[in-house]
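Here is a short briefing to read alongside the structure. Take a moment to look it over before going on.

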Amino acid sequence: MSDPTDLTEEVANSSGVIGVIQERMRAAEDGRQSHEDRWLKAYKNFRGVYDSTTQYTSTEKSKVFIKITKTKVLAAYGQIVDILFANKKFPINIEATPVPEGIAEFAHMKTPADDIVQEGPADPFGFSGDGRQLPPGATEAEQPNLDFLGSTANKYGPEAPIAEGPSRIAEPQISPAQSCALRMEKIIQDQLTDTNAVNVLRHAIFESSLLGTGIIKGPFNFGKTIHKWEEGEEGRIYTPYDKLVPRIEAVSIWDVYPDPTATNIDDCEYVIQRHKMNRSQLRNLMNMPMFDPEAVREVIAGGGNYQEKYFEDTIRDDENEPYTDNERYEVLEYWGILDAAFAKELNIEGADELDPLDQAQVNIWVSGGQVLRACANPFTPERMPYYAFPYELSPYQIWGVGIPENMEDAQMLMNGHVRMAIDNLALAGNLVFDVDETSLVPGQNYDIFPGKVFRRQSGVTGTAVNGIKFPSTAGENIQMYDKARQLADEETGIPSIMHGQTGVTGTGRTAAGLSMLLGSSGLSIKTVIKNIDDYLLKPMGEAFFQWNMQFNDSNPDIVGDLEIKPKGAASVMQKEVRSQRLTMLLQTVANPMLAPFIKIPNLIKELAISQDIDPDSLVNDVNEAQIYAEILKGLQNAQQPEGPEGPAQGPSPATGAGQDGMGGVGGIPQSPPQTDLNGTGGGTIGTGGVPSAGESGFTGNTPQTEG
């Protein structure tokens, strides 16, 4: 069902659909029960809170919690964010497919040979009569068809001398498919900036590091208000207007209930999102497309119906019992399939043509026994608007594994040994007294303080009151704590040097050794980045491309066979290392024998990117420069006045070059300088025509001779 179909009137009177959604909600809730227990443990370890499962002995006094889990989570989160957004750009690139459809992969500057059909194999090096010279009597060619250029045809103009296909030797060529891909990438990057995608993704990355899975929702149609002022008779007038843009949002893992039998989002038959709304938020739904205002009013009139879940008091640090909030409303947003039987019962358009085993993709919102919105899936092609990416992939499950779960045992060991060390130090750091009451006068106070006097009545001096010092085992406990901390480094793949550990010895004492350690630690983060690439960036980039193809009317000429290229994993290599390697390659090109094997323009562009420099503002494309030069030469010839023998052949005012090329020489060359007779060689030193003795100007002449 590609077109959005309003089903509100049919569904509003059907309680069967609400029952199906609530039943699937209960199934999804039961299916993720064990995962919720894991998330609660992870959250408590992050916050440094003991739960009811922690057992203390009767003699334990200390209940300290060493929050290494929090340090590891924040270190991983910070490193992932730094890698993904190091270039100040959302890590999505768009490139043309290897064999693009509907647009040319390459195009070149047109020559007379392109108008002649060659018979037999052509010599790439040229031959007599190869057709490259314009034959006698040739007339002007017809208007060229530039459909193979796609949206780049407007860039070069309708009469550009461009032909489809790769260039021959020494002819410039362009890539229309890649140009269209770059244009689409620029549009999507602008849309991601409008929807504040960096902050949205950061929220999901943090939840992925903490709980194991992050979820992004969208893109959806959103009316963005463009602020604009225009000059009027009374000054500047505020004239805003709305623009349709795509929007994404981060969804908490606690609010999403997918199909419990699925191993990834693509396998889900349905996904249900649970909303907690107040009255104002619920009223705003009436202004959204395809919502039933009457159903919304009935839900509001019925009062709050939000039932708090058992885990909400923990994540909100509220120890009260679950309660019903009379000011909040529970709204279920259902994305998934409905069987053909339900589709026919609801009189969905085209349902009569469905096979009994077919199904329809729908989006339904329900609350308080009312259907607030019901429509067919509005996206073409149909898709689930949720993207769940794991921190660490868990086989056969949609939910991933986070850092707190990986180091749960190590955190428990660290807490236990530190508590033991503190309790032992409390005992070993104080004296325990042994008092012989038979040697003391009865009725004395046993409080100990400086200047205390005990009255004796018998016995040997110094034997009535004895201090006993217990041995300290804190050293052994601290050693076990260090071992547990090292175990946490291995379990998480995040060494302590990444979050500021001091006192590094061994390999880490040198710069090269520290670089090796940091490089090894990047392997585990690279796996996480790869999961983000595969499960989030690529499908979300494809969704943005499909949204533009379906809804973006501002750029209807964007066509091409495009492919989404997530660039998260490519960013793992540090910019400094990449810049150094590119510079070394550029030095290698200085060898004239190797220069033909290197794409110099691409190398310069990559070097500029690695140094955070916009290549478009500084680096020219050699092929496009030659094509523009050819176009400009044609315009200059067309503007010059024609004489009796044709267009003027002199240099143009703009370039000073003739028709033979951009660098043509004009005017008469200057004559060589005259011979210098002063002996200076035309400069300050040198030999020239030197006067001899007796001649005028000879320095050895006497004044009489000179006269």
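Two residues are in contact here when they have heavy atoms within 4.5 Å of each other. Please keep in mind that this is a predicted model. The notes below take up a proline, a pocket and the confidence of the prediction.

**Pro539 and its contacts**
- Pro539 is found in helix 15.
- With neighbours within four places in sequence left aside, Pro539 touches Tyr387, Asp533 and Asp534.
- Tyr387 sits 152 residues away from Pro539 along the chain, yet their C-alpha atoms are 7.6 Å apart.
- Pro539 has a relative accessible area of 22%, so it counts as partly exposed, a class that lies between under 20% for buried and over 50% for exposed.

**The second largest pocket**
- This pocket has a volume of about 1,300 Å³.
- Its lining is made up of 40 residues, and Lys217, Phe220, Glu249, Met288 and Trp365 are the ones nearest the centre.
- The elements that each supply at least two lining residues include strand 5 (213-226), strand 8 (241-251), strand 14 (359-367) and helix 15 (511-551).
- Sorted by class, the lining holds 21 nonpolar, nine polar and 10 charged residues.

**Confidence**
- The chain has a mean pLDDT of 76, with 68% of its residues at 70 or more.
- Confidence is highest in strand 9 (residues 256-258), at a mean of 96, and lowest in helix 1 (residues 8-12), at 45.
- Residues 117-122 stay under 50 in pLDDT, and the model gives them two contacts beyond four places in sequence.
- Residues 137-143 are also below 50, with two contacts beyond near neighbours in sequence.

Definitions and conventions. Residues numbered from 1 in each chain as written. Predicted model: local features only at pLDDT ≥ 70, side-chain atom pairs only at ≥ 80, totals over all residues. Heavy atoms only, no water. 1 Å grid on protein atoms, 1.4 Å probe; cavity = no way out; pocket = protein on both sides within 12 Å on 5 of 7 lines; lining within 4 Å. Points joined across faces, edges and corners; volume = space filled by probe spheres on them. Helix = DSSP H or I, 4+ residues; strand = E, 2+ residues; numbered from the N terminus. Nonpolar A, V, L, I, M, F, W, Y, C, P; charged D, E, K, R; others polar. Buried < 20%, exposed > 50% of the residue type's maximum accessible area, 1.4 Å probe, protein only. pLDDT = per-residue confidence, 0-100.
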